[in-house]
Amino acid sequence: MSLLDLPAFELRQRVVAGDAAALAVIDAAFHRADEVGAGRDGLNIFLSHDREWSRAQAERVDTQVLSPDGVLGALAGVPVAIKDNIATHHLPTTCGSRVLEGYVSPFEATAVRRLREAGAVILGKTNLDEFGMGSSTEHSAFGPTRNPRAPGHVPGGSSGGSAAAVAAGLCRIALGSETGGSVRQPAAFCGVVGVKPTYGRVSRYGLVAYASSLDHIGVFGQTVDDAARGLQAIAGHDPLDATSATAPVGDYLSEAPDGLSGLIVGRPREYFPEGLDPRIAAACDAQLAALRAAGAQVREVSLPNTAHAIATYYILAPAEASSNLSRFDGVRYGVRVEGEGLQGMYEATRSRGFGPEVTRRILLGTYVLSAGYYDAYYRKAQQVRRLIAQDFDAVFASGVHVLLTPTTPTPAFAIGAVSDPYDMYLSDIYTVTANLAGIPAMSVPAGLVDGLPVGVQLMAPHFGEATMLNVARVLERGPERP
């Protein structure tokens, strides 16, 4: 077995015990990246990496192991990948856009700093839909990422590169970001675990903003425990983020409970419409049956405003994007052309400006914020968002501990198969509500449909990550084990 195939906790144990060198782990990760074709001409997972820089990080961990005074973190020697809209020192932060091509941040994200303090070793920055706007990673200015499980298919988006890095076995843990499902949806498509925490649970400092009231940093893992360890390392209050929560961080690392007696699982009827693919529905029902077998009670519940979620999200998110992305005006970031005249500047902007999906969302957002339309669209969407959040509050107040739904309505689609933007937006139909409500949610692998991975989604009340992760552990353990 390769060191990369060990769970993160066991890999860390071996490094700390001196049974495995962190440098050997990183070398194995880059060797596997070469084997699977992770580069631009293959799966196109990484937008940037520096092998010698990563090796130097690993050597520092090995030095700490040999030092009697060395303090070794909870992820010592564990390789991680970082989505390329999360700021890092040394490596560029491009957001998958020509506008920021080559940009290196003068500061790093709090989540990245906490991973490094825990001893994790950064492999590289992963591909994404430009500025996080997309559901397939086909909207990257640097070409699409391919799904390691089926290279002719998308890995999901916008965090497709991070999901693919974990699915390809290059690392056990990766950071992604979420605005409407961009961790959970690619996790389902790639057959890995993806966790979106409660809004404010993980600092957004250093995450390039798309829609600030919806943005989250999330975690991918090959297993529930891998993802939980990544989340444990980065969670907690950050004075650099005004929206960071001060609530205590729970214990996300407990072992799977022996049973779920007393737990109530909600099955929202709106997430299981008649038109849902029966194979996706069957995968969810199988997971509900496993929870029943573990002692949980399953209750039918209703979230009546779910039908308005997509429309609400695609008003609010573009509106915030139109404001956030106004800073990329070619003065401080992006296109700079000197001595070429207006024609040269025009041509440079055409070739190095925003791509079509980002442009589409900026235009939509600007429209709904414009005079005469603000009240009709933006204000109304904020009111419906409140109703969606109240639906969740009511269900959880009724005694339900977690909700179980499909993560996506379909498995991964073929690259180039979805050209209509509206059809692409519908792939987020089951995930956007958790972002609108700010509650924690995650995707857990739930088998295969047509040979492609699918996932089930768990959602919990605010700061209910520990309970949600324990339920996920039971699902992961499966019925064959006691």
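Colleague: How much accessible area does the surface patch of Leu-364, Tyr-367, Tyr-373 and Tyr-377 have together?
Modeller: The model is predicted, with local features needing pLDDT of at least 70, side-chain atom pairs pLDDT 80 or more, and totals for chains, interfaces and linings using all residues. Patch members have over 30% relative accessible area and no salt bridge, with nonpolar side chains (Val, Leu, Ile, Met, Phe, Trp, Tyr) joined within 5 Å and like charges within 9 Å. These four form a nonpolar patch, and their area together (Shrake-Rupley, 1.4 Å probe, only the protein chains shown as cover) is about 340 Å².

Colleague: Where is Tyr-373 found?
Modeller: Residues are numbered from 1 along each chain, and side-chain values use heavy atoms, without hydrogens or water. Tyr-373 is one of the patch residues. Helices are DSSP runs (H or I, at least four residues; strands are E, at least two), numbered from the N terminus. Tyr-373 is in the loop between α11 (356-369) and α12 (374-397).

Colleague: Is Tyr-373 buried or partly exposed?
Modeller: Buried means under 20% relative accessible area, exposed over 50%, and partly exposed in between (1.4 Å probe, protein chains only). Tyr-373 has 33%, so Tyr-373 is partly exposed.

Colleague: Which residue of α12 forms a salt bridge with Arg-379?
Modeller: A salt bridge puts a Lys or Arg side-chain nitrogen within 4 Å of an Asp or Glu carboxyl oxygen. Here the closest N and O atoms are 2.7 Å apart. The two residues are four apart in the helix, so about one helical turn separates them. Arg-379 is partly exposed at 42%, as is its partner at 47%, Asp-375.

Colleague: Which residues do shared partners join into one salt-bridge network?
Modeller: By the same distance rule, the count comes to 22 salt bridges. Some of these share partners, and one network joins Arg-267, Arg-269, Asp-285 and Glu-300.

Colleague: Why are Glu-52 and Arg-55 separated by about one helical turn?
Modeller: Their side chains meet in a salt bridge, at 3.8 Å from N to O. Glu-52 is exposed at 54%, whereas Arg-55 is partly exposed at 22%. The turn follows because they are three residues apart in helix α3 (residues 51-66).

Colleague: What separates the closest N and O atoms of Glu-101 and Arg-98?
Modeller: Glu-101 is partly exposed at 35%. Arg-98 is partly exposed too, at 29%. They form a salt bridge, and the closest N and O atoms are apart by 3.1 Å.

Colleague: What is the volume of the second largest pocket?
Modeller: On a 1 Å grid over protein atoms, a pocket is an open set with protein on both sides within 12 Å along at least five of seven lines; a cavity holds a 1.4 Å probe that cannot get out, and lining residues have an atom within 4 Å of a point. This pocket has 16 lining residues, with Phe-107, Leu-207, Val-208, Ala-209 and Arg-327 nearest its centre. The lining has 10 nonpolar, three polar and three charged residues (Gly counts as polar). The space filled by probe spheres on the joined points is about 350 Å³.

Colleague: Which residues are closest to the centre of the largest cavity?
Modeller: There are two cavities of 30 Å³ or more. The largest holds about 60 Å³. Of its 13 lining residues, the closest to the centre are Gly-132, Gly-134, Ser-182, Tyr-313 and Asp-428.

Colleague: What is the volume of the second largest cavity?
Modeller: Its 14 lining residues include Asn-85, Ser-177, Thr-179, Tyr-210 and Asp-215, which lie nearest the centre. The lining divides into four nonpolar, seven polar and three charged. The volume is about 50 Å³.
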